[in-house]
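Work through these exercises with the structure open beside you. Try each task before you read its solution.

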Amino acid sequence: SYFQHGFFQTNEMFDNAPFIVQVDSTHNQLTGTLFGVKIIDKNSFKLTVHAKDKFPYDIETERFNKNKLANIDLEKTYQFDENITSDYYSFKVSKSIFFKEKDIENSKKTYSFKLHKTDKLAHKLIRNVTINPINKDASILQLNIKASNPKKNINILNKITDIYIRNSLDEKNIMAINTIYFIDEQLNIIQDSLAFIENQLETFKLKHPNLKIVDKEFGTYFQKQKLDNTLSEQSVNIKYYQSLLSYLKNDNNVNSIVSPTSMGISNPELNGLINQLLQLYAKKGDLQLTTTQKNPTYQAVLSQIEHTKNTIIENVRNLIASASIYENDLKNRINSFNKNINKLPEAEKNYLILKRKYEYNEQTAVYLQQKRYEASLAKAGTESDHKVIDPARLDSDIPIKPKKSLAYFIAIIMGLFLPIAFISLRDFFSDTIQTRNDLQNATNIPILGVVGHSEKTTSMAVLNAPKSIIAESFRGLRTNIQYLAVNKKNKIITITSSVGGEGKTFNAINLASIFALAGNKTLIIG
């Protein structure tokens, strides 16, 4: 995966990255680690890698290499198309067709790429893809992916449907494919034999340039040719039966079974049993995805598969026995013709033997090629039971998330709620006095006055600024104090607080100043 990092957000790129990473699949690789790329100029880039306690991943085995542990903190400049190799990774970074020198050099954007673990990426894709019928009565499925990169995921959906249809065709063509594979194996053997015998015939003719075959022996030779052709067909059939028996006995992949009809063997019973076995294996595969091995239905299918296989094995053994009897009969009849041929002169006899071997192999090759052609026609004429009605496309240009209206609504609510909640909690847990009401709620002692905070550097607020608000506060305080103990001529006022720095000196100086300005004799004792 390729990424472009801007100032605020990171975007995944697909088919438009300015560089391409070519991974060495035979080497260990770091998966799930971001490799940072800062393009310096048209020839070089800076690679940044940070990894701590990570096992490298073996791409070929699809497993982590537990023998190595990566701890990397790398920042290094490399050239484009340079092999970048360590014990934990090996790749090459090349410029793509989207590399534009002007745009790259003037841009402050950085890039990165990441290698993925195969099965982890596949499971992530499985979680992202949703498949649903368009309605409960329809046989049409709708595939959907919700992701941040539309172009990439449109390609993914199209590839999923392409593989699905291809697999459907492969399942329908499995018999034809196996037939072609089996015939090709036999043809390779026959072609080798033909080439060898051709060389022998050519050498024999060079040694005997005046060789002639007498006409009276044409009938015997011709009949022997017909028997050879029949024997070659019978030999191919026996090889097919033995191959089928081997697959069934060794419990090999049932999809490798070749249909008897495609080999020219007309046996409705055997063909029906093989089709029945294939259907049972398909049913077994479906049940494995939806149930456990202890399920009675699954166990019943296994029992039916075993019974069908035993029936086919018994049937094939009987066919091999009867085919072998027929093959021996053909060989005996061919031997009788050979005796007649042996009466010919030595050179003519040897020539006929070579020619018979050649024509036997040639007829076998023609027979196999005919069957291969028939199987190829059957494969080419097969059509999938499924088709794509609509290719994948972007459902809407409007982003499905985040929803702007919901985001704005939540932002407004949070903008109102958070400040209110903060102020309320701060006031609730506050243990300091902020207002006159706090004092009135905390004590029954009468409050004579409130003096505000002074921003002046000096404590002589009343004398230096007699018309200020603080001076007026002290005047109000002086008036209220005069009403206390009116009968006393000399009054003693004590100013105190719990700790230092709370304003005792400030209040004492200014309170004494305001009394002195009113003509009262005032004494301050500290």
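**Exercise 1: A helix and its buried side**

Helix α3, residues 150-172, holds 23 residues and reaches 33 Å from its first C-alpha to its last, close to the 33 Å expected at 1.5 Å a residue. This is a predicted model.

Task: Find the buried residues of α3 and name an element that helps to cover them.

Solution.
- Step 1. Use the cut-off: buried means under 20% relative accessible area.
- Step 2. List the residues of α3 that pass. They are Asn153, Leu157, Thr161, Ile165 and Ser168.
- Step 3. Recall the geometry. An α-helix has 3.6 residues a turn, so residues three or four places apart point the same way.
- Step 4. Look for the cover. Strand β14 (141-145) is included in what covers the buried residues of α3.

**Exercise 2: A loop residue and a distant partner**

Task: Locate Ser384 and state which residues it touches, leaving out those up to four places away in sequence.

Solution.
- Step 1. Place the residue. Ser384 sits in the loop between α8 (346-380) and α9 (404-429).
- Step 2. List the contacts. Ser384 touches Ile165, Ser168 and Leu169, with residues up to four places away in sequence not counted.
- Step 3. Link this to Exercise 1. Ile165 and Ser168 are among the buried residues of α3.
- Step 4. Set sequence against space. Ser384 and Lys172 are 212 residues apart in sequence, but their C-alpha atoms are 7.8 Å apart.
- Step 5. Take another pair. Arg127 and Leu319 are 192 residues apart in sequence, and their C-alpha atoms are 51 Å apart.

**Exercise 3: Buried, partly exposed or exposed?**

Task: Sort Ser473, Asp53, Glu62 and Arg127 by accessibility, and place each one.

Solution.
- Step 1. Set the limits: under 20% is buried, over 50% is exposed, and partly exposed lies in between.
- Step 2. Ser473 belongs to helix α12 (residues 469-482). Its relative accessibility is 19%, so Ser473 counts as buried. Not counting residues up to four places away in sequence, Ser473 touches Val450 and Val451.
- Step 3. Asp53 is in strand β6 (residues 44-54). Its value is 46%, so Asp53 is partly exposed.
- Step 4. Glu62 is in the loop between β7 (57-58) and β8 (63-64). Its value is 43%, so Glu62 is partly exposed.
- Step 5. Arg127 is in helix α2 (residues 118-128). Its value is 60%, so Arg127 is exposed.
- Step 6. Check the backbone too. Asp53 has a positive phi, near 55°, and is not a glycine. Glu62 is not a glycine either, and its phi is positive at about 55°.

**Exercise 4: The whole protein**

Task: Why is the protein said to be more spread out than a compact globule?

Solution.
- Step 1. Count the elements: 13 helices and 14 strands.
- Step 2. Compare the radii. The radius of gyration is 49 Å, well over the 24 Å that the globule rule gives for 526 residues, so the protein is more spread out than a compact globule.
- Step 3. Read the spans. Along its principal axes the C-alpha trace covers about 170 × 60 × 45 Å.
- Step 4. Add the burial. Of the 526 residues, 30% are buried.
- Step 5. Add the surface. The protein exposes about 35900 Å², and carbon and sulfur atoms supply 53% of that area.
- Step 6. Finish with charge. There are 67 positive and 53 negative side chains, and the centres of the two sets are 10 Å apart.

Conventions
Residues numbered from 1 in each chain as written. Predicted model: local features only at pLDDT ≥ 70, side-chain atom pairs only at ≥ 80, totals over all residues. Heavy atoms only, no water. Helix = DSSP H or I, 4+ residues; strand = E, 2+ residues; numbered from the N terminus. Buried < 20%, exposed > 50% of the residue type's maximum accessible area, 1.4 Å probe, protein only. Contact = heavy atoms within 4.5 Å. Rg over C-alpha atoms; globule rule 2.2 N^0.38 Å. Areas by Shrake-Rupley, 256 points an atom, 1.4 Å probe, with all protein chains shown as cover. Lys, Arg positive; Asp, Glu negative; His and termini not counted. Charge placed at Lys NZ, Arg CZ, Asp CG, Glu CD. Expected span 1.5 Å × (residues − 1).
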